[in-house]
Amino acid sequence: MIISKKNSLAISAKDNNNNSKLILAKQNQADKKQIWKIVHNSNGTVAFVNVATGKAIQPEQSTQKKGYTLIQSTYNKTKNAQQFFLQQ
């Protein structure tokens, strides 16, 4: 699960559709749409792939800028919009 520090809500897939906006929902371990697998890419980035849908998190727009809505889309390991760096 990916949990918000601010409000303890989980990032969840709303449905199984491509380009669906992600939502914040009350944590529910039984809801597979709230479970995200971290996939490590060969270039040092990671993708977050939903266990229920098999789709990956990416910004709604192809240009990644602050404030864009996150959606889920068919996972593609070479798609830059789905690649993230984890930092401490």
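Here is a walk through this structure, from the whole chain down to single residues.

What you're looking at is a predicted model, where local features need pLDDT of at least 70 and side-chain atom pairs count only at pLDDT 80 or more, while totals for chains, interfaces and linings use all residues. Residues are numbered from 1 along each chain as its sequence is written, and side-chain values use heavy atoms, with hydrogens and water left out.

Let's start with the big picture. The chain has six strands and zero helices; here helices (H or I, at least four residues) and strands (E, at least two) are DSSP runs, numbered from the N terminus. Follow the sequence along and you read the pattern β-β-β-β-β-β. The radius of gyration is 12 Å, close to the 12 Å that the globule rule gives for 88 residues, so the chain is as compact as a globular protein of that length. (That radius is taken over C-alpha atoms, and the globule rule is 2.2 Å times the number of residues to the power 0.38.) Along the principal axes, the C-alpha atoms fill a box of roughly 30 × 30 × 25 Å.

How much of the chain is tucked away? Of the 88 residues, 32% count as buried, where buried means under 20% relative accessible area, exposed over 50%, and partly exposed in between (1.4 Å probe, protein chains only). The accessible surface comes to about 6,000 Å², and carbon and sulfur atoms own 48% of that; such areas come from the Shrake-Rupley method with a 1.4 Å probe, and for residues only the protein chains shown count as cover. As for contacts (heavy atoms within 4.5 Å), take those in the chain with a separation of 6 or more: residues 24 or more positions apart account for 38% of them.

Now to the strands themselves. Two strands pair if DSSP finds at least two bridges between them. β1 and β2 run antiparallel and are joined by four bridges, with S12 partnered by I23 in β2. These two strands form a hairpin with six residues between them, and N19 in the turn has a positive phi of about 65°. β2 also runs antiparallel to β6, joined by two bridges, and here K21 stands opposite I71 in β6.

Further along, β3 (residues 36-40) and β4 pair in the antiparallel sense over five bridges. One of the partnerships is K37 with V49 in β4. This hairpin has five residues between its strands, and among them G44 takes a positive phi near 90°.

Positive phi turns up elsewhere too. Most residues other than glycine have a negative phi, and most peptide bonds are trans. S8, which is not a glycine, nevertheless has a positive phi near 60°. S8 sits in the segment before β1 (10-13), and at 41% relative accessibility S8 counts as partly exposed.

β4 deserves a second look. In a regular strand the side chains alternate between the two faces of the sheet. In β4 both faces are covered: V46, F48 and N50 on one side, and A47 and V49 on the other, are all buried. That makes five buried residues out of five in this strand, residues 46-50.

Two of those residues, V46 and F48, join I11, L22, W36 and I57 in the largest nonpolar core, which has six residues. A nonpolar core is a set of buried Ala, Val, Leu, Ile, Met, Phe, Trp, Tyr and Cys residues joined through side-chain atoms within 4.5 Å. Leaving out residues up to four places away in sequence, I11 touches I2, L22, I23, L24, K33, Q34 and W36.

How many aromatic pairs does the whole structure hold? A search finds one. The rings of F48 and F84 have their centres 5.8 Å apart and their planes at 55°, so the pair is tilted. F48 lies in β4 and F84 in the segment after β6 (70-74), so the pair ties together parts that are 36 residues apart in sequence. (Rings of Phe, Tyr and Trp, its six-membered ring, pair if their centres lie within 6.5 Å; planes under 30 degrees apart count as stacked, over 60 as edge-to-face and the rest as tilted.) F48 counts as buried at 14% relative accessibility, whereas F84 is partly exposed at 21%.

Last stop: S73, in strand β6. S73 is buried, with a relative accessible area of 6%. Leaving aside neighbours within four places in sequence, S73 is in contact with N18, N19, K55, A56, Q58, K79 and Q82.
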